[in-house]
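Student: Please take one part of this model and go through it closely. Keep the cut-offs in view as you go.

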Amino acid sequence: MSRQIPPLNPLRAFEVAARHLSFTRAAEELFVTPSAVSHQVKTLEENLGIALFVRDAKALSLTGAGKAYLPGVQEAFRQLIFATYQLHREQSVPALKVNLPPTFAVKWLIPRMGRFMQSHPEIDLKVSTSKHMVDFTREDFDLAVRYGRGIYPGLHAERCLQVEVFPVCSPALLSGPKPLAVLDDLRHHTLLHDDSTYDDVSNPNWSTWLANAGVDGVDTTRGPSFWPSHLVIDAAIDGLGVALAKKSWVQQDLLKGRLVRPFPDLSLPVEFSYFIVYPQDRVSDPRIEAFMAWVREELARDAEPASQIGEA
């Protein structure tokens with residue numbers, strides 16, 4: 001071969017941008033800026049001496065050469081990931097690589113990890129967070145947790161957390177100058193907003209939650225917003241206002257008295273759930289089997305009857 005292999009980073013930028021037909025969405029996946037993606041693609045085009053994209057003000061599209069080049073580049077990345085996976089397996093590397101939504105990691109997994117480490121000291125967890133759906137053919141993960149309806153073609157999916165949403169706040173708000181006793185009292189308190197950007201129309205914001213509870217007259221446009229979700233929970237713990245929270249994220253904060261439910265009888269179920277997903281061909285992986293068994297044990301622990309600690 002007379003030509004050298006193009007540099008890897010520009011190739012990766014090309015593959016992601018071509019898949020999304022967007023430098024902006026490629027930048028989100030690669031955790032860089034759109035201008036950095038554009039620069040990498042330009043570097044590749046200069047290296048090849050061939051234009052791969054047609055750029056105009058409204059859209060990004062592939063040239064004929066780009067369309068012809070893309071399948072081979074994608075196959076090369078698939079082969080690299082598979083070769084790396086095989087290498088790790090052959091070397092008996094015990095690390096289990098897990099990708100989770102940020103708040104799932106902070107509020108559910110990490111507080112429980114000690115029990116997993118005690119039960120399985122031979123397995124090291126490597127935890128990372130993102131909100132995009134992991135592509136197991138391109139990314140080096142063993143399993144992932146995702147929020148949705150459980151429809152993930154080609155993947156094994158097991159529901160791990162169902163979701164319901166209710167208001168929470170610091171205990172201090174119940175006895176402050178304007179006690180939070182009934183729903184109408186919310187008009188006197190700051191509303192904290194979860195600005196998570198998931199495509200779940202059933203996940204309520206303050207407007208839909210209050211409408212479901214039969215309350216009007218509360219200005220739901222006011223108050224600060226946060227992302228990821230654990231930041232709005234931290235804001236509530238610090239007494240900055242009242243937050244809507246998913247039950248699984250605040251169980252420990254309620255039990256330890258950092259938060260209370262001012263309206264303990266009011267809760268709204270959500271259509272989406274959290275699912276653990278991984279490739280079908282890894283169902284018999286002993287590390288995944290151990291992790292899944294541990295998750296089921298934790299869910300059973302959560303389901304055990306508990307006192308109503310945290311209710312106002």
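Tutor: Here is a close look at one helix and its partners, followed by a few other parts for context.

The model is predicted: local features need pLDDT of at least 70, side-chain atom pairs count only at pLDDT 80 or more, and totals for chains, interfaces and linings use all residues. Residues are numbered from 1 along each chain as its sequence is written, and side-chain values use heavy atoms, with hydrogens and water left out.

First, the frame. The protein has nine helices and 12 strands. These are DSSP runs numbered from the N terminus: H or I over at least four residues for helices, E over at least two for strands. The C-alpha atoms fill a box of roughly 80 × 50 × 30 Å along the principal axes. Of the 312 residues, 45% count as buried. Buried means under 20% relative accessible area, exposed over 50%, and partly exposed in between, with a 1.4 Å probe and protein chains only.

Now the helix: H5, residues 102–119. H5 lies across S3, S4, S5, S6 and S12, and runs at about 165° to S4. Angles go from 0 to 180 degrees between N-to-C directions, and axes are lines fitted to C-alpha atoms, for helices over the stretch in contact.

Those five strands form an open, mixed sheet in the order S4-S3-S5-S12-S6. Strands count as paired if DSSP finds at least two bridges between them. S4 (125–129) and S6 (155–161) are the edges, each pairing on one side only. Neighbouring strands are turned by 25° against each other on average, direction ignored. S3 (residues 96–100) runs parallel to S4, with five bridges joining them. Val 98 stands opposite Val 127 in that pair.

H5 also packs on H9 (residues 286–303), at an angle of about 110° and with the axes 11 Å apart. The two helices therefore count as roughly perpendicular. That class covers 65 to 115 degrees; under 35 is roughly parallel, over 145 roughly antiparallel, and the rest oblique. The crossing is right-handed: the near helix is turned clockwise from the far one by less than a right angle, whereas anticlockwise would be left-handed.

Which residues of H5 meet H9? They are Trp 108, Leu 109, Arg 112, Met 113, Arg 115 and Phe 116. On the H9 side, the partners include Phe 291, Trp 294, Glu 298 and Asp 302. Contact means heavy atoms within 4.5 Å. The residues of this contact divide into nine nonpolar, no polar and five charged. Ala, Val, Leu, Ile, Met, Phe, Trp, Tyr, Cys and Pro are nonpolar, Asp, Glu, Lys and Arg charged, and the others, Gly among them, polar.

Ser 229 gives a link to other parts. It is found in H7 (residues 229–237). At 5% relative accessibility, Ser 229 counts as buried. Leaving out residues up to four places away in sequence, Ser 229 touches Thr 103, Asp 194, Ser 196 and Trp 249. Ser 229 and Asp 194 are 35 residues apart in sequence and 5.7 Å apart in space, C-alpha to C-alpha.

Trp 249 is one of the buried residues of H8 (residues 247–255). Just after H8, Gly 257 takes a positive phi of about 80°.

Last, S7 (residues 164–168). Four of its five residues are buried. Four bridges join S7 to the antiparallel S10 (residues 242–246), where Pro 167 stands opposite Leu 244.
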